Amino acid sequence: MSRRTTHLLKGALSTMYYLGIHRAMAPITQGVGLIFMLHHVKPEGVEEFEPNRILKITPEFLETVIEQVQEAGVDVVSLDEVHWRLSEGYFDRPFAAFTFDDGYRDNAEYAYPVFKKHKLPFTIYVPTEFADGNGDLWWLALEKVLRDTDRISVNMGGTNRKFNCSTPGEKDATFHQIYWWLRGEKESDARNWVRELCRGIGFDPSVLSDELVMQWNEIRELAEDPLVTIGAHTKGHYALAKLSLSEARLEVEGSFDRIERELGVRPQHFSYPYGCERTAGPRDFSLLKELGVKTAVTTRKGVLFAEHVDHMTALPRVSLNGDYQNSRYISVLMSGAPFALMNRFRHVNAG
Ligand SMILES: [Zn+2]
């Protein structure tokens, strides 16, 4: 999510909360259930320059959300159960599923004990090359480079741009300009470019994946608990919509095969890397449907409606964003009201 969108959403969430608009809208906007999206769960505070902080919440906040969800009479369910309830049209009680992308080690260390304590299910989507020890966390590598650099010059689409990044504010602005420029480029080029930057400051970016990402033995251990579902997240975490259909198929099927070989079970649930409109579209939704998964989730924002039964491979999610670690935002998000406004009251946004 861009910084501007984050600010706008945060403002809208506060306004809705204080005016009580979400409560008034809830009967028409809250849908039948929702799927939360998370990445990192870590206890430590945020550094002054940490643009990826939006992907990180504390274990305490996770527990607050779980308790708030349950107090609201919402069942916390597995993705198999989400699929079943949508398929059967079983909407007696609202439901929520918790999902984690990328397979970070902190999920096992800090999130798992919280779910275990409450005996509640959750899902982790694993990019198989990450679990093989070859994770390319280029967005964190870019953050690292800018943290250690005061000036940077970048050839952006043929124009040489120079950025001052000596203060946290300048680093933040530079990160967002470069990050969103890279997100528009061919992904293999973008990654090569970040690797080049890392070489320039003598930093080996594979250190990040070694430190942060679970390997197969750790995933296998978690997967033994019936509370845990392991889903697929492609092999190399490439934006599917930017690949040819045959490349996309190899990324997806290859990840299913690899997970099946490692865990003995073929994954039934999938998460699109990046997952926004520009990185996962109707062609990819059809591909996942053809490959026979029960559900596939995007990062499009929204709650679930009965109509999603016809769009099981294009499900929206609600991000538990590090920038809104405040319980008042959760009741607004659960009301579905902000997404109803964003999606102009369309229940399904799968085009
Ligand atoms: Zn991801």
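**Briefing: salt bridges, a zinc site and two domains**

The count of salt bridges comes to 23 in this structure, which is a predicted model. Besides these charged pairs, the model holds a zinc ion with protein donors D102, H233 and H237, and the domain assignment divides the protein into domain 1 and domain 2. The points below take the zinc site, the two domains, the residue E187 and several salt bridges in turn.

**The zinc site**

- The zinc ion has three protein donors named here by residue and atom, namely D102 through OD, H233 through NE2 and H237 through NE2, and these lie 2.1 to 2.2 Å from the ion.
- Along the sequence, the spacing of these donor residues can be written D-x130-H-x3-H.
- D102 belongs to the loop between β5 (95-101) and α5 (105-118), while H233 belongs to the loop between β9 (228-232) and α12 (245-263), so this pair ties together parts that are 131 residues apart in sequence.
- Are D102 and H233 buried or exposed? Both D102 and H233 are buried.

**The two domains and their interface**

- Domain 1 is made of two stretches of sequence, 3-133 and 213-342, whereas domain 2 covers residues 138-207.
- The centres of domain 1 and domain 2, taken over C-alpha atoms, are separated by 28 Å, and the contact between them takes 21 residues from domain 1 and 20 residues from domain 2.
- The size of an interface is often given as the accessible area lost when the parts come together.
- For domain 1 and domain 2, the area buried between them is about 1,800 Å², with 52% of it on carbon and sulfur atoms.
- Across this interface there is one salt bridge, and there are also ten residue pairs in polar contact, counting pairs with both residues at pLDDT 80 or more.
- R147 and E47 form a salt bridge through their side chains, with a distance of 3.7 Å from N to O.

**E187 and its surroundings**

- E187 is found in helix α9, which spans residues 187-200, and E187 is buried because its relative accessible area is 7%, below the 20% limit for that class.
- The side chain of E187 is joined to the side chain of Y274 by a polar contact of 2.7 Å.
- When neighbours within four places in sequence are left aside, the residues in contact with E187 are W138, H237, Y238, A239, K242 and Y274; among them, H237 is also a donor of the zinc ion.

**Salt bridges**

- Side chains of opposite charge can pair when their charged atoms come close.
- K56 and E50 meet through their side chains in a salt bridge of 2.8 Å, N to O, and both of these residues are buried.
- E218 forms a salt bridge with R105, in which the closest N and O atoms are 2.6 Å apart.
- Because E218 lies in helix α11 (residues 216-223) and R105 lies in helix α5, this pair ties together parts that are 113 residues apart in sequence.
- E218 counts as partly exposed at 23% relative accessibility, and R105 counts as partly exposed at 24%.
- D284 and R283 also meet in a salt bridge through their side chains, at 2.9 Å from N to O; here D284 counts as buried at 2% relative accessibility, whereas R283, at 32%, counts as partly exposed.
- Which residues are linked in a network of salt bridges? The network links D75, E81, R85 and R93.

Notes: Residues numbered from 1 in each chain as written. Predicted model: local features only at pLDDT ≥ 70, side-chain atom pairs only at ≥ 80, totals over all residues. Heavy atoms only, no water. Donors = N, O, S within 2.8 Å, 3.2 Å for Na, K, Ca; no water. Helix = DSSP H or I, 4+ residues; strand = E, 2+ residues; numbered from the N terminus. Buried < 20%, exposed > 50% of the residue type's maximum accessible area, 1.4 Å probe, protein only. Domains from an automatic or database assignment. Contact = heavy atoms within 4.5 Å. Buried area = accessible area lost by both parts, 1.4 Å probe. Salt bridge = Lys/Arg side-chain N within 4 Å of Asp/Glu carboxyl O. Polar contact = N/O pair within 3.5 Å; in protein donor to acceptor, adjacent residues only side chain to side chain.
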